Amino acid sequence: MKKVLGISAFYHDSAAALIIDGKVLYAAQEERFSRVKNDANFPEEAIKYCLFESGLAIDDIDAIAFYDKPFLKFERLLETYYAFSPKGFKSFDKAMPTWLKEKLFIKQIIKKRLKKLSKKDKLPKITIFFPEHHLSHIASAFYTSPYKKSAFLTVDGVGEWTTTSFGVASAEKGIEVMGEIQFPDSIGLFYSSFTYYLGFEVNKGEYKMMGLAPYSNLQTEQAIKFIKIIKENLIDIKDDGSIKLNKKYFDYPVGLRMVNPKKWEKLFGFIKKKPEDKLTQTHADLAFAAQKVTEEILVKLINHIKKVTNTDNLCFAGGVALNCVANSVLYNQKVFKDIFVQPAAGDAGGAIGAALITYYLNSNSIFNGLKEPFNNYLGPRYSDLEIERILRKNKCSFTHYESDEELLEVTAKFIANKKVVGWFSGRTEFGPRALGNRSILADATDRDMQSVLNLKIKFRESFRPFAPAVCEEDFDTYFEPGKHSKYMLFTNQLKQDLRLNLPNNFNELSLEEKRNLPKSKLPAVTHIDYSARVQVVQKEMNTRFWNLIQTYKNQTGNGVVINTSFNVKDEPIVNKPEEAYMCFKNTDMDVLVIENYVILK
């Protein structure tokens with residue numbers, strides 16, 4: 001078995017990935033083609049991309065791997081509804097038609113959809129494998145890591161039954177699961193319940209709650225009170241990190257909502273926030289409390305995992321592994337020498353994991369750890385001909401630079417002059433982060449830039465911070481020692497000599513007053529607690545982006561730029577040149593760079 005097509009679909013973040021001889025060559029999320037954020041539909045366009053770019057037809061594929069076991073998931077639904085009946089009939093009535101018409105017949109759906117892509121009248125016999133959901137998560141992290149052997153931890157909402165799993169993965173013995181937490185007890189759904197109560201959308205707004213949490217701290221009396229309420233009423237945390245949730249406060253097992261708002265209102269003393277309501281300090285205090293309790297659970301988990309596995313390194317995957325603040329807490333515990341988080345740690349990455357575990361279970365290949373960092377620039381790239389066609393179609397003036405060096409000089413100068421630059425270069429990133437190929441770039445020293453980007457470009461909440469990108473060689477100049485994350489999956493603290501003193505009454509200020517105060521000499525990328533979600537750029541991984549940052553540094557003396565994803569609120573990251581141009585046109589962005597083409601307003 002050489003060529004395996006991995007698929008994740010029908011929940012959220014559907015994706016496709018193609019591996020050949022154990023190497024991930026192409027991968028894309030369906031949302032990048034459909035333009036529907038977190039698209040859960042069958043990833044037909046993503047599959048088409050993988051096949052077209054590889055020069056393969058569906059007939060050439062040796063095996064297909066779907067990222068979970070639908071029948072096990074259906075079993076969980078039936079058993080849960082039965083256990084809680086008659087409660088939950090509305091949810092049951094809503095869920096069953098989809099399952100009976102579609103989700104129970106995923107094998108047939110896959111064959112039917114792939115037949116459309118086949119060049120032949122009849123689809124050749126291709127074996128379809130269904131690894132368990134958390135096994136796909138484990139494989140997505142271990143088989144893209146630099147380790148021959150490591151412990152693993154997967155944490156998400158729920159797969160089939162499992163919500164958390166841990167154990168050891170190695171070249172010799174494969175994957176050995178040593179412990180699990182099962183539904184309805186779930187760290188991921190515990191966290192998402194607070195996302196829901198604070199007015200953010202479940203499975204989409206968890207990172208917003210994570211960004212809100214630092215507006216509180218352990219010096220805030222209400223936050224400490226909320227932590228106590230959570231631990232006394234909602235969750236029982238064992239020493240080994242296993243949990244038991246108090247089911248009377250959670251509706252997600254059978255309901256159409258995450259929690260019972262009236263019971264939570266009685267617990268916390270305020271009503272559920274509506275999306276349009278203004279955020280207050282109370283909301284920040286509850287976000288902080290939920291974040292801290294989640295971190296406590298994860299710290300206990302990794303200490304237990306270290307004890308039972310006695311391994312040096314940890315691979316971490318599942319939706320909760322996208323919580324970069326928690327990841328940094330785990331890393332700073334120094335329980336493990338290193339922690340690897342795969343850049344598409346959520347369900348999209350399940351497509352990669354399903355393909356990889358299928359390959360290694362059905363071949364004689366032995367995984368000895370990647371010698372080079374996992375490259376997640378796995379999506380489409382576009383030719384000059386395609387780019388010029390779009391620009392001429394939209395009747396826009398442009399300048400084309402034959403020399404990369406000249407292009408970088410010009411682009412760096414725009415950033416230095418406080419211009420907001422849309423940067424479209426090379427292959428699209430796989431996963432939720434823009435890592436220098438589909439990015440919006442700006443000057444990190446401008447104290448007004450966070451507001452400008454949030455309100456005039458991204459059209460999103462003003463409290464949300466922006467990430468800095470820095471070349472690996474310059475990391476120590478700006479940030480305290482910590483994890484060097486190439487994928488923006490950890491946070492780092494700004495160096496002391498770059499920080500500005502905050503007023504004594506800082507904790508009494510409103511959220512907006514706290515946000516408006518500059519925290520450092522890099523105010524646009526410094527969060528309220530002096531943290532930043534840093535992308536450490538290695539020259540070998542993204543030479544062009546590394547050269548741009550170095551050019552900017554040579555011009556300004558500053559080696560840090562803002563790097564945020566090239567999209568607006570509630571839209572996927574741009575994929576094609578036309579999408580980049582329309583985003584540029586419909587926002588207050590100043591400059592658009594598509595490969596070597598520069599467009600000005």
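Where is Asp21 found? Asp21 sits in the loop between β2 and β3, and that corner of the chain is a friendly place to begin. Please keep in mind that this is a predicted model.

1. **Asp21 and its turn.** The hairpin of β2 and β3 has two residues between the strands, and Asp21 takes a positive phi there. The angle is about 55 degrees, although Asp21 is not a glycine. Is Asp21 buried or exposed? Neither label fits: its relative accessibility is 42%, so Asp21 counts as partly exposed.

2. **The strands around it.** Strand β2 covers residues 15–20, and five of its six residues are buried. On one side, β2 runs antiparallel to strand β3 (residues 23–29), with six bridges joining the two. Here you can look for Ala15, whose bridge partner in β3 is Gln29. Strand β2 also runs antiparallel to β1 (residues 3–8), again through six bridges. In this pairing, Gly6 is matched with Ala17 of β2.

3. **The other hairpin.** Between β1 and β2 the hairpin has six residues, and Phe10 takes a positive phi near 75 degrees in it. It makes a handy companion to Asp21, which has a positive phi near 55 degrees in the hairpin of β2 and β3.

4. **Three domains.** How is the chain divided? Domain 1 is made of two stretches, 3–144 and 343–362, while domain 2 spans 182–340 and domain 3 spans 384–600. The C-alpha centres of domain 1 and domain 3 are 33 Å apart. Their contact takes 18 residues from domain 1 and 16 residues from domain 3.

5. **Where domain 1 meets domain 3.** About 1400 Å² is buried between these two domains, and carbon and sulfur atoms give 57% of that area. Which three residues of domain 1 supply more of the area it buries against domain 3 than any other three? They are Arg32, Arg35 and Pro343, which together supply 53%. The interface of domain 1 and domain 3 also holds one salt bridge. As for Arg35, its side chain meets that of Glu579 in a salt bridge, with 3.4 Å from N to O.

6. **The nonpolar cores.** The largest nonpolar core has 143 residues, and Phe194, Ile230, Phe268 and Phe316 touch the most other members. Helix α11 (residues 281–309) gives the most to this core, with 13 residues. A second, separate core has 39 residues, among them Tyr382, Ala444, Val525 and Ile562.

7. **A closer look at Phe194.** What does Phe194 contact once its neighbours within four places in sequence are left aside? The list is Met209, Ile230, Leu234, Trp264, Phe268, Leu286 and Ala290. Two of these names, Ile230 and Phe268, also appear with Phe194 among the residues that touch the most other members of the largest core.

8. **A cis peptide bond.** Phe183 and Pro184 are joined by a cis peptide bond, with omega of about 10 degrees. To find Pro184, go to the loop between β8 (174–182) and α7 (187–197).

9. **Met488.** This residue is not a glycine either, yet Met488 has a positive phi of about 60 degrees. Its place is the loop between α17 (475–478) and β17 (492–493). Is Met488 buried or exposed? With a relative accessible area of 2%, Met488 is buried, whereas Asp21 at 42% relative accessibility is partly exposed.

Note on methods: Residues numbered from 1 in each chain as written. Predicted model: local features only at pLDDT ≥ 70, side-chain atom pairs only at ≥ 80, totals over all residues. Heavy atoms only, no water. Buried < 20%, exposed > 50% of the residue type's maximum accessible area, 1.4 Å probe, protein only. Helix = DSSP H or I, 4+ residues; strand = E, 2+ residues; numbered from the N terminus. Pairing = 2+ DSSP bridges. Core = buried A, V, L, I, M, F, W, Y, C linked by side-chain atoms within 4.5 Å. Contact = heavy atoms within 4.5 Å. Domains from an automatic or database assignment. Buried area = accessible area lost by both parts, 1.4 Å probe. Salt bridge = Lys/Arg side-chain N within 4 Å of Asp/Glu carboxyl O.
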